[in-house]
Every structure is written in C-alpha cells, then in structure tokens.
2 protein chains.
Amino acid sequence: MPSDQTRSAILAAAERLYADRGFGDVTLRDIVAEANVNLAAVNYHFGSKDELIAELFVTRSIQTNRERLNELKAAEEKGGGRAAIEDIMRALVGPTLRGCLGPDREGSTAARFMIRASIESVPPIRRIKNREVDHLRKFAAAMRRAMPGRDDTELYWGLHFALAMAHHTIREKERLLRLSEGKCDLDDVRAIIDRVVTVTVMALTMGEVPASKPARPAVMHGRLTRQDL
Amino acid sequence: MPSDQTRSAILAAAERLYADRGFGDVTLRDIVAEANVNLAAVNYHFGSKDELIAELFVTRSIQTNRERLNELKAAEEKGGGRAAIEDIMRALVGPTLRGCLGPDREGSTAARFMIRASIESVPPIRRIKNREVDHLRKFAAAMRRAMPGRDDTELYWGLHFALAMAHHTIREKERLLRLSEGKCDLDDVRAIIDRVVTVTVMALTMGEVPASKPARPAVMHGRLTRQDL
DNA sequence: GATAGTTTCATACATATGTTTGAAAAGCAA
DNA sequence: TTGCTTTTCAAACATATGTATGAAACTATC
C-alpha cells in the first residue's frame with residue numbers, strides 16, 4: 001500500500017501555487033517547499049513536472065466534464081430523451097462558469113487553478129485540451145437532436161460561441177470589471193449563465209424559419225420559453 | 001543616425017520565430033541566429049527579451065487599434081455623428097478577425113504572431129493588454145450614443161461578448177475546424193464578421209422594449225436592417 | 001527479525017538561457 | 001588624421017531549474 005501522503009501533498013501544494021502565481025513563476029523547488037517534501041519526490045511520484053501539471057489539469061477537467069454530462073443526461077431525461085436546446089447549453093457552460101466564478105469561489109483553489117490554466121495555456125495542458133473535442137461532440141449530437149432541421153454548421157458555431165462567451169468571461173473577468181467600473185456583476189453566476197445561454201440560443205435559432213408563430217426575442221434574465229423546436 | 005538594420009532584423013526574425021514556434025520554444029539565441037546578428041545585440045537595442053516582445057506586440061496592437069478607430073470614425077461620419085450599433089461592433093471585431101483569419105493570412109507573420117500572443121499570453125504581453133481598457137472605453141462611449149436608452153451594463157456585456165466570440169474564434173480555430181470536421185468555413189472572414197456582429201447586436205437589443213414594431217431576428221449572413229435604434 | 005520492496009533524502013548533474021563585459025570595429029564630425 | 005560616439009562581437013557570467021543518483025530510512029511479509 002503506497003503512502004499517498006507525499007503525492008497528495010505535492011498535488012495540493014502545486015495546485016495552490018500555480019493558482020496563485022501562475023505556471024511561469026512556480027518552480028518544483030517552490031512546490032516541494034510548500035508541500036514539505038523532498039525535491040526528488042516530484043519525479044519519483046509523477047515522472048516529470050509536466051506530468052504533474054497534466055495530472056492536476058486532467059483531474060479537474062474530468063470533474064467538469066462529468067458535471068456537464070450529468071446535467072446533459074438530466075436534461076435529456078427531463079425532455080423524454082430529447083433535451084431542450086437551452087438546457088443543453090446550460091449543461092455545457094454551467095459547470096465551468098459555476099466552478100470558476102462567484103464570490104465564494106475566491107477561496108477555491110481548484111477554480112483559481114482552472115482559470116490560470118485557461119489563461120496561461122502551458123504545453124502539457126494544451127495537449128490535453130486538444131483531446132476535448134470528443135467530449136464536445138456529445139453536445140453537438142444532443143444539439144442536433146434538439147434542433148433536427150438546423151444545419152450542422154450553425155450548431156457548431158453556436159457551440160463555439162457559447163464556449164467563447166463562457167471562457168472569455170472567466171479569462172477576462174478582471175478586465176470586464178474594470179471596463180464596466182464594477183457595474184457588471186461577476187458574482188451573480190446564475191445571471192451570467194442565463195445571459196450566455198440566452199444569447200447562444202438566440203444565435204442558434206436566428207434566421208430559422210418559424211413553423212407557425214414568428215420567433216421573438218427572449219426575455220432577459222429568465223429561462224427561455226421557446227414554442228417550437 | 002543609428003543604423004536600424006540590426007534592430008529591424010531582430011524584430012523581423014523574432015516575430016517570425018515567435019509566430020511559428022511560440023514564445024516558450026524560442027530563445028534569444030534562436031532569434032539572433034535567424035537574424036544573423038550577435039547575441040548581445042538584443043540587449044543592446046531593446047534592453048531585454050521582454051522589452052523586445054513588448055515592442056513587437058505594441059506595434060501590432062497600435063495598428064489594430066488604429067484600424068478599429070478609423071472604422072469607428074467612418075461609421076460615425078456615415079451616420080452623421082451617431083454610428084449604428086452594428087457598424088460599431090463591426091469596427092470593433094473586424095480588424096482583428098480580418099487580420100488573423102482568412103486563407104491569404106497563412107503567410108502573414110504579423111497575423112500569426114498576434115494569434116500566438118492571443119494564445120500564449122506571456123507576461124510582457126499581459127501587461128500591455130491590461131492597458132487596453134482605455135481603448136475599449138471609446139467603443140463603449142460610441143455604443144452608448146447608438147443606444148441611448150440601454151442600460152450601461154448591457155452595453156458592457158455586449159462589448160465583452162463580441163470580443164469573446166472574435167478572440168475565441170481566433171484562438172480556437174483549429175479546434176472548431178476539427179469539431180465541425182471542416183464544415184465551418186474559417187476562411188470566409190466576411191461571413192464570420194457578419195456572424196459575430198449579428199449575434200452581438202441581437203444580444204444587445206435583446207429584451208429591449210421596442211418603440212413601435214416588435215423586433216425580429218435578423219437574417220443571417222447579411223447586414224442587419226434594424227428599424228428603430 | 002531478516003529480507004525485499006517502497007519511499008525519502010541530500011546532493012550532484014547538466015544545461016539552457018538571459019544578461020553583462022570589455023575590447024574591437026565602424027561611423028562620423030572636426 | 002584625430003577623437004568621439006555608436007555599434008558589433010566573442011566570450012564569460014550567473015544562475016535558475018528540471019532531472020538523476022545512490023544511499024538511507026521505512027514498511028510489510030514471511
């Protein structure tokens with residue numbers, strides 16, 4: 001039975017330091033000092049610095065992906081096998097935004113680490129992100145089921161823009177805060193998710209020829225009540 | 001009269017190498033080898049590696065910002081002092097997207113450099129980006145003039161989302177291409193700009209109580225013909 | 001409690017990399 | 001030319017940093 005203690009201490013210390021100071025500024029020596037373990041322990045337990053970073057990122061990514069898929073599944077069950085498009089988008093951006101924003105999240109090391117990973121984009125993390133496409137395909141498939149008539153291209157652009165708004169909000173939240181002089185409330189995560197979802201669904205249904213009634217813009221800050229999808 | 005030759009050679013070589021291989025993989029020795037100058041020349045002419053990177057980025061940023069402001073000014077003159085919101089957004093995202101996307105841009109070192117800068121986010125560049133807020137305020141002001149009744153918060157979110165979609169498209173164009181299996185045409189820059197602008201204007205006018213006629217979704221891939229702004 | 005496997009530790013290794021230096025070369029004005 | 005400034009150059013510097021090593025400490029099974 002291997003004593004996980006050292007290993008966990010390294011992981012925790014590394015995540016904390018990377019979250020606080022970024023990947024560029026933190027050395028293995030910083031990490032082992034913080035974790036109170038020997039320098040060689042990192043290579044012993046993880047093989048290399050990059051593998052340590054990769055493990056940190058994979059762990060958090062898996063958590064987010066699992067949350068996403070759980071929400072997607074719930075949405076599909078709710079809709080009797082076919083989830084509503086707004087619920088799909090909510091499942092896509094909700095976990096990430098909830099994980100990285102919000103006032104209580106200031107203390108969450110995991111959240112701050114993921115924000116760093118989103119901003120700095122170091123090689124081992126880039127490699128992992130490239131494999132994320134398979135995960136996104138599941139959402140593309142669900143979207144296709146929700147909007148059967150829609151052209152695939154539109155679906156992909158919608159998915160892409162949803163992630164754009166979510167990730168950019170996380171990446172640039174400081175700038176948005178400064179630009180808006182604090183007027184944009186970045187702690188109200190629920191409202192932000194609503195906003196991103198609403199805009200995305202609008203983009204997705206845009207230009208769609210309505211079956212019977214003409215489409216009209218959804219009301220802000222509330223769930224969309226779309227009639228014919 | 002200082003011989004600018006060495007200086008320019010360094011700038012050109014650095015931009016080319018950074019564009020091709022990223023900031024993490026290129027050393028000063030790589031750069032001076034490419035430029036056929038002495039290693040010490042970098043510190044002599046620029047002071048430090050970071051200042052070299054900063055100069056590269058500032059130069060390109062100024063170009064983009066100037067293009068943006070020119071387009072904004074043209075839009076305002078066209079509208080008799082008050083630019084239409086879609087023209088403002090077009091002025092905001094157009095130059096960046098045109099600069100970084102498109103088939104002919106593959107060969108453009110400047111474009112590829114800016115994409116790198118957008119992806120890797122190295123410290124000297126981050127510092128410069130933080131000063132970008134002043135520039136964005138000019139667009140916020142123009143938007144406020146175009147949509148006088150609108151709440152400031154909505155304006156900032158619209159501006160933020162427009163940049164989100166533009167930058168994310170540049171950053172993640174490879175992924176979108178793979179996800180969509182080539183279906184999303186990332187070479188048709190004009191269509192992409194239209195798409196981003198359309199979605200943004202939609203987001204901005206969303207929930208707005210129309211003066212007389214009910215707002216309706218704009219037609220895709222064309223200029224918006226909005227009646228009452 | 002001896003043996004084998006696992007983990008920890010201090011230390012050394014290698015070396016990549018930005019920066020500095022001091023002299024030589026080139027340019028330029030008088 | 002002479003003298004001054006600017007630029008180039010080879011070499012050295014400093015040192016941060018990931019990784020490897022080999023012995024010691026620890027753990028568990030028999």
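**Notebook: the A/B pair**

Started at the interface: I counted salt bridges across chain B and chain A, and the rule gives 6. Note to self: this is a predicted model, so every value here is computed from it.

I pulled up one bridge by name. B:Arg195 and A:Glu154 meet through their side chains, with N to O at 3.0 Å.

**Interface, the rest**

How many residues of chain B are in contact with chain A? I get 49, against 49 residues on the chain A side. The two chains bury about 4700 Å² between them, and 66% of that is on carbon and sulfur atoms. Looking at who gives up the most area on the chain B side, I find B:Trp157, B:Leu179 and B:Met206, which together make up 16% of what that side buries.

**Symmetry**

Next I laid chain B on chain A. The RMSD comes out at 0.1 Å, after a turn of 180° and a shift of 0.0 Å along the axis. That is what a two-fold axis does. The contact surface is the same one in both copies: 100% of chain B's contact residues turn up again in chain A.

**Fold of one chain**

I took chain A for the overview. What is its secondary structure made of? I count 11 helices and 0 strands, so to the eye the order from the N terminus is simply α-α-α-α-α-α-α-α-α-α-α. Chain A has 229 residues, and 54% of them count as buried. I also checked how far its contacts reach: among those between residues at least 6 apart in sequence, 70% join residues at least 24 apart.

**Helix α9 of chain B**

I picked out α9, residues 152-171 of chain B, and checked its length. Its 20 residues span 28 Å from first C-alpha to last, close to the 28 Å expected at 1.5 Å a residue. Is α9(B) mostly covered or mostly open? Mostly covered: 20 of its 20 residues are buried.

**Aromatic pairs**

I searched the whole structure for aromatic pairs and got 6 over all chains. Two of them I looked at in chain B.

The first is B:Tyr18 with B:Phe23: ring centres 4.7 Å apart and planes at 35°, so I log this pair as tilted. Both B:Tyr18 and B:Phe23 are buried.

The second is B:Phe23 with B:Phe113. Here the centres are 5.7 Å apart and the planes at 75°, so this one goes down as edge-to-face. Where do the partners sit? B:Phe23 is in the loop between α1 (4-21) and α2 (28-35) of chain B, and B:Phe113 is in helix α6 (residues 109-120), so the pair ties together parts 90 residues apart in sequence. Like B:Phe23, B:Phe113 is buried.

Then over to chain A, where A:Tyr18, A:Phe23 and A:Phe113 form one aromatic cluster.

**B:Glu15**

Last stop was an acidic side chain, B:Glu15, which is placed in helix α1 of chain B. Why does B:Glu15 count as buried? Its relative accessibility is 7%, and the cut-off for buried is under 20%. I listed its contacts, skipping neighbours within four places in sequence: B:Leu56, B:Arg60, B:Thr109, B:Ala110 and B:Phe113. B:Phe113 is a name I had already written down, as the edge-to-face partner of B:Phe23.

Key. Residues are numbered from 1 along each chain as its sequence is written. Chains are lettered from A and ligands numbered from 1 in the order in which they are written. This is a predicted model: local features need pLDDT of at least 70, side-chain atom pairs count only at pLDDT 80 or more; totals for chains, interfaces and linings use all residues. Side-chain values use heavy atoms; hydrogens and water are left out. Helices (H or I, at least four residues) and strands (E, at least two) are DSSP runs, numbered from the N terminus. The expected span of a helix is 1.5 Å times one less than its number of residues. Buried means under 20% relative accessible area, exposed over 50%, partly exposed in between (1.4 Å probe, protein chains only). Rings of Phe, Tyr and Trp (its six-membered ring) pair if their centres lie within 6.5 Å; planes under 30 degrees apart count as stacked, over 60 as edge-to-face and the rest as tilted. Copies are superposed by least squares on the C-alpha atoms of residues with pLDDT of at least 70 in both. Contact means heavy atoms within 4.5 Å. Buried area is the accessible area (1.4 Å probe) that two parts lose on being put together, summed over both. A salt bridge is a side-chain nitrogen of Lys or Arg within 4 Å of a carboxyl oxygen of Asp or Glu.
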